[in-house]
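Please find below some notes on the salt bridges of this structure. They are set out as numbered points.

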Amino acid sequence: MSERTEVGSLGEFGLIEHLTKNIEFHNASTLQGVGDDAAVIDHFGKQTVLSTDLLLEGVHFDLSYTPLQHLGYKTVAVNVSDIYAMNATPTQILLSIGFSNRFSVEALDEFYEGVYAACARYGVDLVGGDTTSSQKGFVISCTAIGEVAPDQYVKRTGAQKGDLLCVSGDLGAAYLGLLLLEREKRIWMENPQIQPDLEGEKYIVGRLLKPEARKDIIEFFAGAGIRPTSMIDISDGLSSELLHLCKGSGVGAMLYEEKLPIHDDTRAAAFKFNSEATACALSGGEDYELLFTIRQDDFEKLGNVNDITVIGYITDAEAGVQLYSKGGNKYPVTAQGWNHMGNA
Ligand SMILES: Nc1ncnc2c1ncn2[C@@H]1O[C@H](COP(=O)(O)OP(=O)(O)OP(=O)(O)O)[C@@H](O)[C@H]1O
Ligand SMILES: Cc1ncc(C[n+]2csc(CCOP(=O)(O)O)c2C)c(N)n1
Ligand SMILES: [Mg+2]
């Protein structure tokens, strides 16, 4: 694609019109979307769930190896992931962007292609946002709105002693995808003749650049009649999220290293990077899987869903949060996940 349309040729309002003109709504609750001072949503007696996320160039993504379409998709996926983590269904998003004149209309179109693909995938309506210029770096702010039947939402605070600790999907891949892309970027910067070698690394790179939110798990809960006692999504890393969940619930936990779900490609990549796969699973972050607890009585209801793994159980607070290693030793779990401000 060689065409380049300057944003200035459309102006701010022309650009907004251009980016939003084909919106189709997926929800009856969307009464008014883009085009007025605010959106209007009718939730028909349901409760409303709200969450917002900021994504900053250089902190959350590097445009030298992140396709804009994937970035648009990821923006929506990570935001609706927080709504699913409440056991709720996302219905609308507000999306705000700040960008410099480095960006053309075509570049923004690519970003919005990803946004709209994710909106279709998760059944959410883009109902508004804000568009500004940014002196430095691409800035993205996304707010998701969701609905839940009265009092059916699940907090971080409901885990009880004896509950089973479960996680969806597998862990650690996105972090290794990041290590790989950062390494290839360094090599490329030293010698632009050398093309990135991503052969055989599709899985870990895909998990970083195009994560999915676990809509299917929330739908499974509804179908199986499971209401988790507590739940959180994994953005910063399993260890960090587990500590949030235990602190919020006033409980401890026993986590089994040998139960941690780790994809074969993740193990192979960890080996290549001289990293421990377990450490990547515990501290890597950006998995966007759901960490949740269920009552033991609900174990049978999990049936043979092979994308949910029981990784431990809840203990009382005095026992602390412990990792039972493959070697049979117990180690306290510490928050070594991603932390924007540098200390736990
Ligand atoms: N600047 C802020 N002002 C008010 N509330 C905030 C602010 N930053 C975070 N919060 C709130 O603090 C709580 C924890 O936020 P945090 O970002 O750690 O969780 P999260 O949204 O699950 O994480 P992630 O952004 O990785 O998905 C949330 O209720 C969030 O709305
Ligand atoms: C260029 C670049 N540098 C670092 C990372 C890793 N990273 C960024 S934010 C985050 C945790 C979730 O953030 P939040 O808590 O804000 O949702 C992680 C693991 C990346 N993906 N790209
Ligand atoms: Mg979260």
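1. Is Arg102 buried or exposed? Arg102 falls between the two: it is partly exposed, with a relative accessible area of 45%. Here buried means under 20% relative accessible area, exposed over 50%, and partly exposed in between (1.4 Å probe, protein chains only).

2. This is a predicted model, in which local features need pLDDT of at least 70, side-chain atom pairs count only at pLDDT 80 or more, and totals for chains, interfaces and linings use all residues. Residues are numbered from 1 along each chain as its sequence is written, and side-chain values use heavy atoms, with hydrogens and water left out.

3. With a salt bridge taken as a side-chain nitrogen of Lys or Arg within 4 Å of a carboxyl oxygen of Asp or Glu, the count is 18.

4. Arg102 pairs with Glu57 in one such salt bridge, with 2.8 Å between the closest N and O atoms. The two lie 45 residues apart: Arg102 in the loop between strand E4 (89-99) and helix H3 (105-122), Glu57 in the loop between strand E3 (47-56) and helix H2 (68-84). Helices (H or I, at least four residues) and strands (E, at least two) are DSSP runs, numbered from the N terminus. Glu57 is partly exposed, at 25% relative accessible area.

5. Glu289 and Arg214 form a salt bridge at 2.8 Å, N to O. This pair joins distant parts of the chain, 75 residues apart. Both residues, Glu289 and Arg214, are buried.

6. Glu289 and Arg214 also belong to a network of salt bridges that links them with Arg207, Asp216 and Asp307.

How values were computed: Chains are lettered from A and ligands numbered from 1 in the order in which they are written.
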